[in-house]
Amino acid sequence: EALSCFREAYLFSSSHQLFAMLRSTELFPYHVFCCTGPGHWRPLAAFPVNRVFCFGVAVVGSTLVVIGGIGSGLFHSSLQSVHALNLLSPEANWSRLPDLPCNCIKPRVVVSGSFIHIFRLSSKDQRVLSMDMGVAEHARKWSFEVLPATPCIVKSALAVNEQIVVMGDGKSGGHLYLYVPESEKYLPLVACESLSHPVFSFFHDNTLVVREKRRPNEQFFKFHALSMH
């Protein structure tokens with residue numbers, strides 16, 4: 001009830017606390033809140049005002065990171081800026097992290113250990129951009145050398161049991177790969193001709209769940225489940 005005036009939400013947890021990043025009923029901005037008890041939310045630092053939508057979100061330890069997206073200027077240009085917020089410090093403000101090497105809209109972001117990985121930096125880019133948040137601030141930098149390029153244009157990606165699953169689509173159906181760090185390769189998981197347009201995925205109870213649109217402009221979704229035992 002306390003958050004009923006908001007129309008979009010990212011919910012996430014850090015250090016056993018629940019947080020919400022919410023968009024108001026106005027055009028913008030987003031707001032970040034920490035849950036302090038049932039029905040009680042404490043606002044954190046104001047969201048960077050120049051970022052409106054289509055950005056990536058990552059939580060690394062107790063740090064919230066927002067990446068790229070669309071700006072609030074007259075022409076709504078895409079952004080390459082990256083901002084971070086310490087979720088456990090009530091007085092913290094947003095800090096600036098190293099910029100991306102190019103503007104980025106709707107990045108597919110995965111956190112694995114202390115690394116942030118960005119898949120699909122642009123619509124046809126199969127490289128993976130990474131940064132280690134575990135090093136000192138002055139040593140943080142983006143690199144294409146941490147993970148190899150993906151075998152498909154990535155539509156969705158997530159971390160699964162210290163590995164990474166990437167999904168893309170193609171004329172012959174969907175593509176589903178598992179990146180195994182030991183081999184530094186993307187291994188095909190299963191044949192998935194029926195998975196044509198994956199748009200969202202999550203992992204629960206050793207099961208990978210993928211939501212897809214049957215056609216790019218379709219409003220209805222279908223769900224697929226794959227056991228990862």
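In this predicted model, three strands form an open sheet in the order β11-β12-β13, and their pairing is antiparallel. The edges of this sheet are taken by β11 (108-112) and β13, and because each of these has a single partner strand, one side of each is left without a neighbour in the sheet. From one strand to the next the twist averages 20°.

The pairing can be followed strand by strand. β11 and strand β12 (residues 115-119) are joined in the antiparallel sense over five bridges, and in this pairing S112 has F115 of β12 as its bridge partner. The two strands form a hairpin with two residues between them, and in the turn G113 has a positive phi of about 65°. On the other side of the pairing scheme, β12 and β13 run antiparallel and are joined by five bridges, with F115 standing opposite D132 in β13. F115 is thus the bridge partner of S112 and also stands opposite D132. Strand β12 is mostly covered, since four of its five residues are buried.

The loop between β12 and β13 holds L121. Is L121 buried or exposed? L121 counts as buried because its relative accessibility is 2%, which lies under the 20% limit for that class. Leaving aside neighbours within four places in sequence, the residues in contact with L121 are L100, P101, C102, N103, C104, L129 and F144. One of these, P101, is 20 residues from L121 along the chain, and the C-alpha atoms of L121 and P101 are separated by 9.5 Å.

A further open sheet has four strands in the order β6-β7-β9-β10, again with antiparallel pairing. Here β6 (56-60) and β10 (95-97) stand at the edges, and since each has a single partner strand, one side of each is left without a neighbour in the sheet. The twist in this sheet averages 30° from one strand to the next. Strand β9 (residues 82-86) runs antiparallel to β10 and is joined to β10 by three bridges, with V82 standing opposite L97 in β10. In general, the strands of a sheet pair through backbone hydrogen bonds, in either a parallel or an antiparallel sense.

The strand pairs described above are set out here with their bridges.

| Strand pair | Sense | Bridges |
|---|---|---|
| β11 and β12 | antiparallel | five bridges |
| β12 and β13 | antiparallel | five bridges |
| β9 and β10 | antiparallel | three bridges |

Turning to the cysteines, how many disulfides does the chain have? The count comes to zero. The sulfur of C34 has its closest cysteine sulfur in C35, at 6.9 Å, which is too far for a bond, because a disulfide requires the two sulfur atoms to lie within 2.5 Å. C35 is likewise in no disulfide, its nearest cysteine sulfur being that of C34, 6.9 Å away. As for their surroundings, C34 counts as buried because its relative accessibility is 1%, whereas C35 is partly exposed, with a relative accessible area of 22%.

For the chain as a whole, there are zero helices and 20 strands. Of its 229 residues, 42% count as buried, and the accessible surface comes to about 12300 Å², of which 53% belongs to carbon and sulfur atoms. Among contacts between residues at least 6 apart in sequence, 35% join residues at least 24 apart.

The confidence of the prediction should be kept in view when these details are read. The mean pLDDT of the chain is 75, and 69% of its residues reach 70 or more. Confidence is lowest in strand β20 (residues 221-227), at a mean of 54, and highest in strand β13 (residues 128-132), at 95. Over residues 1-7 the pLDDT is below 50, although in the model this stretch has 17 contacts beyond near neighbours in sequence. The strand with the highest confidence, β13, is also one of the edge strands of the three-stranded sheet with which this report began.

Notes. Residues are numbered from 1 along each chain as its sequence is written. This is a predicted model: local features need pLDDT of at least 70, side-chain atom pairs count only at pLDDT 80 or more; totals for chains, interfaces and linings use all residues. Side-chain values use heavy atoms; hydrogens and water are left out. pLDDT is the predictor's confidence in each residue, from 0 to 100. Contact means heavy atoms within 4.5 Å. Buried means under 20% relative accessible area, exposed over 50%, partly exposed in between (1.4 Å probe, protein chains only). Two strands pair if DSSP finds at least two bridges between them. Axes are lines fitted to C-alpha atoms, for helices over the stretch in contact, and angles run from 0 to 180 degrees between N-to-C directions. Accessible areas come from the Shrake-Rupley method with a 1.4 Å probe; for residues, only the protein chains shown count as cover.
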